[in-house]
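Here are some notes for a colleague who is opening this structure for the first time. Please read them with the sequence and the model side by side.

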Amino acid sequence: MLSAELKSFHMVARMGSITHAAKKLGLSQPTVTTQIRNLEAQYGVELFYRGGRRISLSEEGARLLPMVQKLLEQEADIEFFLRNSGQMQGSLRLAATAPYYVLDLVRRFREHMPQIQVTLEIGNSQQVIEALEEYRVDLAASSQLEEDARFTRLTLGHDPLVLAVHRSHPLAAHKSLPPSALSGHALLMREAGSTTRALTEGMLRQARVAPGPLLEIGSRESIREAVLRNIGISVIARHEVPDNPDLRIVELEDAPVIPEYLYCLRERRQARLPAAFLGIARDVAEG
């Protein structure tokens, strides 16, 4: 079977980089390189043109790519069918940008179907939507609005962005501030691809605010820890700010509201487990 080699070929073709493909696949760079070279050597074909650090599809590789894409989609469909076929067992795979909305739904789902295994991975908006597109999860909760006909979408809720600061920070004495008050202060932000970051940057641009030094941190938990150490301030969704005596929440005037959506591939929305989860989410949203 060529499953591993073809998956590496597909990911390198998508990412345009062996390094990025290896990271995405959870493999080492030499492993991916070896798999590609073995595939080319076994069939005497050149799938990529290599020039320094750049790699691009050859003509043969470009013709192979849609066939591999179709094969991987069929494999994902088979795996999905098997997971959803057993009436007493099965597994549901979820991804979310934050646990706050989705964990309540998981609890209700487990009350109805305690025998089903549930897995939840956390990432930024871009990452969880990619996981859904690539069939790595069955449903994805994201604050990013996707106008894509492939998805069915359900709104879970809305949350205003607020300012989180340490209790000793000069801004902590205020209950409400305009975005202009952030000028010159060290700002803690998520990585590119985060909806919270995109909304924050848009708010600051509209207010013509130039914040102080930017510190990029890859998780909301780490950002909260940094605020607790008074390393900087952060704009964050209200429900994501934990109760802590060292933290202060400051409302931001005319702050954007961050939504949370639940997405499912339209072709899979009526399968047993996704349909059950969507039904619970719909009842909660409408209740």
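1. In this predicted model, helices α5 and α9 cross each other with a right-handed sense. Helix α5 covers residues 99–112 and helix α9 covers residues 272–286, and the two pack at an angle of about 120° with their axes 10 Å apart. Because angles of 65 to 115 degrees count as roughly perpendicular and those over 145 as roughly antiparallel, α5 and α9 are classed as oblique to each other.

2. Which residues make the contact between α5 and α9? From α5 the contributors are V102, L105, V106, R108, F109 and H112, while α9 supplies L273, A276, F277, I280, A281 and V284. Sorted by class, this contact of α5 with α9 comprises ten nonpolar residues, one polar residue and one charged residue. As background to the spacing in such lists, an α-helix has 3.6 residues a turn, so residues three or four places apart point the same way.

3. Turning to the start of the chain, helix α1 runs over residues 3–15, and its 13 residues should span 18 Å at 1.5 Å a residue; the C-alpha atoms at its ends are indeed 18 Å apart, so the expected and modelled spans agree. Just after α1, G16 adopts a positive phi of about 70°.

4. The buried residues of α1 are E5, L6, S8, F9, H10, M11, V12 and A13, a list in which the reader will find E5 and H10 alongside L6 and F9. These buried residues pack against the helices α2 (18–25), α3 (29–43) and α4 (59–85), and also against the strands β1 (48–51) and β2 (54–57).

5. A single loop residue also deserves a look, namely R238, which lies in the loop between β10 (234–237) and β11 (247–252). Is R238 buried or exposed, or does it fall in between? Its relative accessibility is 35%, and R238 therefore counts as partly exposed. Leaving aside residues up to four places away in sequence, R238 touches D159, P160, V162 and I249. R238 and V68 are separated by 170 residues in sequence and by 44 Å in space, taken from C-alpha to C-alpha.

6. For the chain as a whole, there are nine helices and twelve strands, and the C-alpha atoms fill a box of roughly 70 × 55 × 30 Å along the principal axes. Of the 287 residues in the chain, 45% are buried. Among contacts between residues at least 6 apart in sequence, 73% join residues at least 24 apart.

Notes
Residues are numbered from 1 along each chain as its sequence is written. This is a predicted model: local features need pLDDT of at least 70, side-chain atom pairs count only at pLDDT 80 or more; totals for chains, interfaces and linings use all residues. Side-chain values use heavy atoms; hydrogens and water are left out. Axes are lines fitted to C-alpha atoms, for helices over the stretch in contact, and angles run from 0 to 180 degrees between N-to-C directions. Helices (H or I, at least four residues) and strands (E, at least two) are DSSP runs, numbered from the N terminus. Angles under 35 degrees count as roughly parallel, over 145 as roughly antiparallel, 65 to 115 as roughly perpendicular and the rest as oblique. A crossing is left-handed if the near helix is turned anticlockwise from the far one by less than a right angle, and right-handed if clockwise. Contact means heavy atoms within 4.5 Å. Ala, Val, Leu, Ile, Met, Phe, Trp, Tyr, Cys and Pro count as nonpolar, Asp, Glu, Lys and Arg as charged, and the others, Gly among them, as polar. The expected span of a helix is 1.5 Å times one less than its number of residues. Buried means under 20% relative accessible area, exposed over 50%, partly exposed in between (1.4 Å probe, protein chains only).
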